[in-house]
Amino acid sequence: MPHMQMRDLKENHVLSREPLKSSMNQKKSPKMIIKSGDRFEDGKKSLGRRNGRRRCRGHKVDRLLDGKKLEPSMGSTPCKSLMFHRRPGYGQLGTKCMVKANHFLAEIPGSDLSHYSVDINPEVASRKLNKAIMTELVKLYRNSDLGMRLPVYDGRENLYTAGLLPFTSKEFTVILVDENEGTGNARKREFKVTIKFVALASMAQLRNLLSGKQVDTPQEALNIIDTVLRELAAQRYISVGRFLYSPNIKKPQALGGGLESWRGFYQSIRPTQMGLSLNIDMSTTAFFEPLPVIDFVAQILGKDVYSRPMSDADRVKVKKALRGVKVEVTHRGNVRRKYRVSGLTNQPTRELIFPLDEHMNMKSVVEYFLEMYGYTIRYAHLPCLQVGNEKKVNYLPLEACKIVEGQRYTKGLNEKQITSLLKVSCQRPREQELDILQTVQQNGFDQDPYAREFGINIDGKLASIEARVLPAPWLKYNDNGKEIEYLPQFGQWNMMNKKVINGSTVRYWACINFSRSVQESTARGFCQELVQMCQISGMEFNRDPVIPIYSARPDQVKKALKYVYHAATNKLEGKELELLIAILPDNNGSLYGDLKRICETDLGLISQCCLTKHVFKISRHYLANLSLKINVKMGGRNTVLLDALSWRIPLVSDIPTIIFGADVTHPESGEDSSPSIAAVVASQDWPEVTKYAGLVCAQPHRQELIQDLFKTWQDPQRGTVTGGMIRELLLAFKKATGQKPLRIIFYRDGVSEGQFYQVLLYELDAIRKACASLEPTYQPPVTFIVVQKRHHTRLFASNHSDRSSTDKSGNILPGTVVDSKICHPTEFDFYLCSHAGIQGTSRPAHYHVLWDENNFTADEIQSLTNNLCYTYARCTRSVSVVPPAYYAHLAAYRARFYIDPELSENAKARCTRTSNGSSVRPLPALKERVKNVMFYC
């Protein structure tokens with residue numbers, strides 16, 4: 001069996017590590033200092049049998065980065081004093097191939113640009129109106145006062161020109177003429193606009209960065225170029241952040257519930273190794289369908305509203321759906337006045353009256369519309385829209401209003417709408433590439449007057465890049481199976497002829513059936529099939545449940561769970577129930593979340609939920625996946641990297657290494673008060689690095705920095721007490737392996753580029769403090785890697801017809817890695833497509849090594865990350881994101897169910913204050929039995 005050869009481990013200690021043979025061009029600076037005598041506070045040496053063969057046992061490893069040691073406390077360190085880790089070289093491992101990326105080379109001007117401030121009086125809150133004022137100003141004064149310059153304006157306070165204007169400060173008068181939406185008459189508004197010189201915006205720093213010099217990213221220069229390239233597109237399309245949408249790019253498709261899909265594209269400028277790059281990607285999102293409001297209401301309620309009155313529940317649903325939406329009146333001919341909906345009346349239209357004047361002369365809405373507009377209201381049994389502010393309420397009948405076109409829908413979509421949207425947006429790589437090229441052509445940058453003015457040229461071809469396909473790792477399964485070792489092909493395999501490497505034991509289990517349509521005999525048959533599959537997979541699983549299958553109503557979940565738990569415990573006479581199998585209805589509302597919350601934070605019970613549709617249609621593939629999930633939830637392992645067992649993973653196998661994954665999930669837009677949830681998982685086995693224990697915590701709304709990585713508090717008896725998620729997981733690793741970690745690898749998910757400095761500074765400090773709290777001199781070297789999935793780089797096969805360079809879905813092969821050309825000019829980042837495509841165009845993960853005290857080469861970190869993607873516990877596929885980051889995401893998602901909806905309203909009394917002063921209600925604690933296993937799988 002082919003394996004990557006490694007040196008004798010005795011020579012592979014920390015003082016001098018040679019690069020792998022396949023990475024000879026990667027420079028490794030020997031910047032490590034070894035100090036001995038490192039212990040946790042218990043005073044015992046953390047040396048196990050495995051460490052006895054190593055030269056680096058019990059050592060502390062410090063690393064100096066660019067000659068400066070990072071102090072344990074960095075709280076007051078200014079951001080810019082911390083430089084991100086430089087690229088140590090380029091990877092060589094794998095089969096070389098060519099791919100294309102949706103990046104287009106941009107030539108930038110050689111000379112500096114001019115920056116001016118803009119002050120508009122009277123002040124205007126709307127960017128759209130600001131831009132209209134500036135457009136009028138340029139039209140009036142370009143040929144005279146502006147010296148023929150064509151400026152670009154960001155809609156706020158900044159104006160940029162390709163050269164100096166003929167003045168340093170000047171006030172202009174602009175008169176905007178618009179049609180009064182109330183009367184249809186023309187209305188004139190006068191504005192005073194002051195344009196004042198601020199500074200020359202230097203392009204020198206940007207050119208230095210692009211040439212490979214380590215300088216701070218010149219954000220202002222990038223913002224100017226971005227503004228220039230968006231100026232013309234923003235006039236043609238509807239702008240949403242960095243996205244631009246239009247109903248003309250592709251015909252909108254109905255999504256149901258009064259929504260439709262609009263096609264658009266993402267556009268942003270990025271510094272890369274090949275120069276400045278314009279990244280363009282296709283996008284589809286939901287917009288309100290420009291329907292008559294009464295038709296919209298009929299769609300969201302899914303019933304006839306034209307002849308039947310609305311119930312109170314319907315009215316609440318309609319009010320929630322329409323609040324904040326812009327509508328225009330349709331009963332006044334050409335006068336299309338626009339309003340924003342503020343609410344819905346409680347009474348039907350026929351009962352509504354309002355004061356005509358200050359003398360409180362009352363008039364009915366029906367009479368008013370007939371007398372004022374000659375309009376007879378047909379659906380007087382329906383309520384009216386309330387528009388305008390609360391002081392002066394206006395009533396508009398539903399039938400007399402239409403939803404204004406071009407409003408993006410920002411709330412959550414239902415399952416049917418999500419399915420419809422995915423169907424519309426899902427594109428094969430070949431189609432996606434053609435759409436991107438067509439978008440670039442339609443944008444016509446070569447004809448763009450703003451791009452010409454500023455001397456910016458965009459190449460019309462996709463960037464062509466040399467990539468490499470990394471080899472898949474050998475996987476180890478149980479010696480009792482037919483296939484003991486396996487090399488996956490094309491990122492997927494199955495469990496045929498294989499048994500899990502460490503099967504768990506399930507002696508005491510029970511089943512609750514919450515589905516009315518599933519008979520007890522059907523449930524029993526399903527459970528027996530599942531038990532049999534778990535046994536075939538290599539688990540020890542008792543055939544019979546502790547108590548007979550218990551049927552319960554979904555609204556009695558707490559009562560049912562407690563009954564089954566206590567009935568089983570009583571029968572077991574002191575032994576505890578180990579596993580609960582729960583059969584749920586396909587549409588189960590809050591049942592799943594309630595069950596998980598009660599099991600994991602109240603009863604300390606591992607559960608496996610199964611939907612009714614799978615119980616009726618039993619598939620062996622489904623049962624095999626369930627058995628994988630149950631095995632790891634019960635503390636087993638499904639598979640392990642063969643190189644891990646033979647001590648051959650660089651910078652993991654040599655000394656005890658812990659791998660962390662961390663993520664923060666935020667509430668959906670529209671939820672203003674819900675907390676954000678942070679989750680941290682950490683490997684609990686070495687050298688296998690396959691089992692991950694997880695911890696979760698709530699933190700302030702939309703807070704990205706993980707607050708509870710390390711914390712201290714005052715205890716009346718014990719004084720200052722230290723804790724936090726890192727400390728707890730380090731102690732758990734020590735307890736599980738008998739050794740303390742001598743190296744930390746930290747994969748951090750969910751961080752945008754603008755937050756890199758802040759997150760690294762805060763969270764690396766927390767890791768340092770957590771280590772020091774265990775023993776003052778304990779500072780294992782840390783590698784901190786940000787994982788990003790929400791980026792817009794797509795990789796395409798160079799030749800779509802070449803079947804050897806694509807998988808079945810037409811996507812690039814799993815293991816494809818790119819670390820040149822479209823990557824950062826100086827920093828250590830790479831794109832890795834570790835998974836096989838299923839449908840649509842695969843999105844590679846973007847890994848950014850922000851800090852590296854372990855001195856990884858490019859090959860070592862890329863191949864470690866790719867190999868770990870084959871150890872994901874829930875399926876027999878390599879996954880798109882490194883498993884520790886994936887597990888953290890799952891744990892954070894699970895913890896959202898722990899927020900008790902009944903308590904969240906009036907829970908201020910039990911909130912805790914965080915370090916920044918904001919308060920948040922803590923999550924209920926995970927039970928000990930739960931948090932040491934992979935409960936979130």
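In which loop is the place of Glu 827? In this predicted model, Glu 827 is found in the loop between E41 and E42, and a reader new to the structure may take this residue as a starting point.

**Around the loop between E41 and E42**

With a relative accessibility of 12%, which is under the 20% cut-off, Glu 827 counts as buried. Leaving aside residues up to four places away in sequence, Glu 827 touches Phe 84, His 85, Arg 87 and His 848. One of these partners, His 85, is 742 residues away from Glu 827 along the chain, yet the C-alpha atoms of His 85 and Glu 827 are separated by 6.1 Å.

Lys 821 also has its place in the loop between strand E41 (816–818) and strand E42 (828–833). The relative accessibility of Lys 821 is 33%, so this residue counts as partly exposed. The phi angle of Lys 821 is near 60 degrees, a positive value in a residue other than glycine.

**Backbone angles in the loops**

Most residues other than glycine have a negative phi, and most peptide bonds are trans. Besides Lys 821, a positive phi is found for Trp 647, where the angle is near 55 degrees in a residue other than glycine. Trp 647 belongs to the loop between helix H15 (642–645) and strand E33 (657–665), and because its relative accessibility is 12%, Trp 647 counts as buried.

Two peptide bonds that lead into proline are cis. The bond from Asn 121 to Pro 122 has this form, with omega near -5 degrees, and Pro 122 lies in the loop that runs between strand E5 (113–121) and helix H1 (127–141). The bond that joins Trp 686 and Pro 687 is likewise cis, with omega about 15 degrees, and Pro 687 lies in the loop between strand E34 (676–683) and strand E35 (692–699).

**A five-stranded sheet and the helices beside it**

One open sheet has five strands in the order E20-E19-E16-E15-E21, and their pairing is antiparallel. At its edges stand strand E20 (394–397) and strand E21 (401–403), each of which pairs on one side only. From one strand to the next, the twist averages 50 degrees.

Within this sheet, strand E16 (residues 338–348) and strand E19 (residues 383–387) run antiparallel and are joined by four bridges, with Gly 343 standing opposite Gln 386 in E19. Helix H4 (residues 293–301) packs on the sheet, where it touches strand E15 (326–329), E19 and E21, and the direction of H4 makes about 60 degrees with that of E21.

H4 also packs with helix H5 (residues 312–322), and H4 passes H5 in a right-handed crossing. Val 293, Phe 296, Val 297, Ile 300 and Leu 301 are the residues of H4 that meet Asp 314, Lys 317, Val 318, Ala 321 and Leu 322 in H5. The residues of this contact divide into eight nonpolar, no polar and two charged.

**A second helix pair**

Helix H16 (residues 725–737) passes helix H17 (residues 756–774), and this crossing is right-handed. On the side of H16 the contact is made by Ile 726, Arg 727, Leu 730 and Leu 731, and on the side of H17 by Ile 767, Ala 770, Cys 771, Ser 773 and Leu 774. These contact residues of H16 and H17 divide into seven nonpolar, one polar and one charged. The table gives the axis values for both helix pairs.

| Helix pair | Axis separation | Angle |
|---|---|---|
| H4 and H5 | 10 Å apart | about 120 degrees |
| H16 and H17 | within 8 Å | roughly 50 degrees |

The angle between H16 and H17 means that these two helices are therefore oblique to each other.

**A three-stranded sheet and a covered helix**

Another open sheet has three strands in the order E25-E24-E32, with antiparallel pairing. Strand E25 (485–486) and strand E32 (640–641) stand at the edges with a single partner strand each, so one side of each has no neighbour in the sheet. Strand E24 (residues 475–476) is joined to E25 by two bridges, and the two strands run antiparallel; here Leu 475 stands opposite Tyr 486 in E25.

Finally, helix H18 (residues 858–868) is mostly covered, with 11 of its 11 residues buried. Among the buried residues of H18 are Asp 859, Glu 860, Ile 861, Leu 864 and Leu 868.

Key: Residues are numbered from 1 along each chain as its sequence is written. This is a predicted model: local features need pLDDT of at least 70, side-chain atom pairs count only at pLDDT 80 or more; totals for chains, interfaces and linings use all residues. Side-chain values use heavy atoms; hydrogens and water are left out. Buried means under 20% relative accessible area, exposed over 50%, partly exposed in between (1.4 Å probe, protein chains only). Two strands pair if DSSP finds at least two bridges between them. Axes are lines fitted to C-alpha atoms, for helices over the stretch in contact, and angles run from 0 to 180 degrees between N-to-C directions. Contact means heavy atoms within 4.5 Å. Angles under 35 degrees count as roughly parallel, over 145 as roughly antiparallel, 65 to 115 as roughly perpendicular and the rest as oblique. A crossing is left-handed if the near helix is turned anticlockwise from the far one by less than a right angle, and right-handed if clockwise. Ala, Val, Leu, Ile, Met, Phe, Trp, Tyr, Cys and Pro count as nonpolar, Asp, Glu, Lys and Arg as charged, and the others, Gly among them, as polar.
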